[in-house]
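Here is a walk through one protein model, written for someone who would rather look at residues than at statistics. Keep the viewer open and follow along.

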Amino acid sequence: MRPRSPGLLLLLLCGLRAEIQEEAIRAMVGSDVWLSCTYPEGNTFDLNDLYVYWQISVPGKQNTNSVVTYYLSGNSSAGHVNNHYKDRARLSLDGMKQGDFSLHLHNVTPQDEQKFNCLVFRKSLELEKILEVTVTLNVAANYSMPVVSGPSQDEELVFTCTSTNGYPWPKVYWINKTDNSLLDDALQNSTVSLNARGLYNVVSVLRIGRSPPVDVGCCIENVLLHQNLTSSQTEMFMGTKDSITEDPVDDTQDAVNPPVLSVLAVLVVAVAVAVATGWLCRRRCPDRSYAGAQAARPELELTEHV
């Protein structure tokens, strides 16, 4: 029988039904993963008697599939594979001879999170489907350790928590570390965005009053990995605005001020003694000490008569 084109064969396969094996696995972004598809009876197979397909559903198009990779004896799969999986998905020829039709997927991305269908047919049985397996691939990536900055100088305390490059969508919690209680969700506003790598960045802003004292922490939960990351930075802020300063007080100033005050005190005393001494001296001096002032008076009088 002459091999049919992959696209035409996929249309013919839609009407065939068989018992479907299903499983779910998890893979980290950037890792390699095996999607299992094995014949349960452990038979050996002739590669020339096999049609093997791995495919995914096209989002938004019902009953439309996209080829991840496939094997047809005497045919190349390069021209029919989804570009997203080109050079990333492969089958093992030696494995297929032993009934192992598993898919090796290289460098997992967030876009790989979907259902993969493995279909195996035998040409000698008039294209009877002998195996169908559906593998649900869940993708995960670790978020960076959350970093808390703030507070801003405002009528209330405003903290900002940032964490990046995680997957799937995160859950964000703010914690009062004083008693390890969760702060009210109404106090926070979180924004999650998709970056160029297809991963999520999260920025959460917390607004709370200045009183009572608060010691806050930010927690990012990755549900798929059962992982909680809590900010290592701990900030304690009291209830008044005056208690928050731009620059810390330099304790060395207190060590310098006492000597300075002592020197100033000595100078003041010295000036006071000098003034007192001059005053006493003036009291005790003879009348000639005023001669200069007396001599000036005739000149003034002469000037008045000119």
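## Contacts and overall make-up

Of the contacts in the protein between residues at least 6 apart in sequence, 62% join residues at least 24 apart, where contact means heavy atoms within 4.5 Å. Before going further, note that this is a predicted model: local features need pLDDT of at least 70, side-chain atom pairs count only at pLDDT 80 or more, and totals for chains, interfaces and linings use all residues. Residues are numbered from 1 along each chain as its sequence is written, and side-chain values use heavy atoms, with hydrogens and water left out.

The protein has four helices and 17 strands. Both are DSSP runs numbered from the N terminus, with helices being H or I of at least four residues and strands being E of at least two. Buried residues account for 35% of the 306 residues; buried means under 20% relative accessible area, exposed means over 50%, and partly exposed is in between, with a 1.4 Å probe and protein chains only. About 18900 Å² of the protein is exposed, and carbon and sulfur atoms supply 53% of that. These areas come from the Shrake-Rupley method with a 1.4 Å probe, and for residues only the protein chains shown count as cover.

## The two disulfides

How many disulfides does the structure hold? It holds two, with a disulfide taken as a pair of cysteine sulfur atoms within 2.5 Å. As a reminder, a disulfide is a covalent bond between the sulfur atoms of two cysteines.

| Pair | Sulfur atoms apart |
|---|---|
| Cys37 and Cys118 | 2.1 Å |
| Cys161 and Cys218 | 2.0 Å |

Start with Cys37 and Cys118, whose sulfur atoms are 2.1 Å apart. This pair links distant parts of the chain: Cys37 sits in the loop between strand E2 (33-35) and strand E3 (50-57), while Cys118 is in strand E7 (residues 115-122), 81 residues apart. Cys37 and Cys118 are both buried. Their link is left-handed, with -70° about the S-S bond.

Now Cys161 and Cys218, with sulfur atoms 2.0 Å apart. Here too distant parts of the chain are linked, with Cys161 in strand E10 and Cys218 in strand E15 (residues 214-222), 57 residues apart. The torsion about the S-S bond of Cys161 and Cys218 is about -80°, so this disulfide is left-handed. Both of these cysteines are buried. Counting bonded cysteines along the chain, the disulfides follow the pattern 1-2, 3-4.

Why is Cys219 not bonded to Cys218? The sulfur of Cys218 is the closest cysteine sulfur to that of Cys219, but at 7.3 Å it is too far for a bond. Cys219 has a relative accessible area of 7%, so it counts as buried.

## The sheet around E10

Strand E10, home of Cys161, belongs to an open sheet of four strands in the order E9-E10-E14-E13, with antiparallel pairing. Two strands pair if DSSP finds at least two bridges between them. The edges are strand E9 (147-149) and strand E13 (188-194), each pairing on one side only. On average, neighbouring strands of this sheet are turned by 15° against each other, direction ignored; the axes behind such angles are lines fitted to C-alpha atoms (for helices over the stretch in contact), and angles run from 0 to 180 degrees between N-to-C directions.

Three bridges join E9 to strand E10 (residues 157-166), and the two run antiparallel. If you want a spot to zoom in on, Val148 stands opposite Cys161 in E10.

## Two polar side-chain contacts

Ser66 is found in strand E4 (residues 65-72). Seven of the eight residues of E4 are buried, so the strand is largely enclosed by the rest of the structure. Ser66 counts as buried because its relative accessibility is 14%. E3 and E4 run antiparallel, joined by seven bridges, and Gln55 stands opposite Val67 in E4. Leaving out residues up to four places away in sequence, Ser66 touches Trp54, Gln55, Ile56, Val58 and Asn82. With Asn82 there is a side-chain polar contact of 2.8 Å. A polar contact is a pair of N or O atoms within 3.5 Å; within protein, one must be able to donate a hydrogen and the other to accept it, and residues adjacent in sequence count only if both atoms are side-chain atoms.

Gln227, in strand E16 (residues 227-230), is partly exposed at 24% relative accessibility. Its side chain makes a polar contact with the side chain of Asn142 (3.3 Å).
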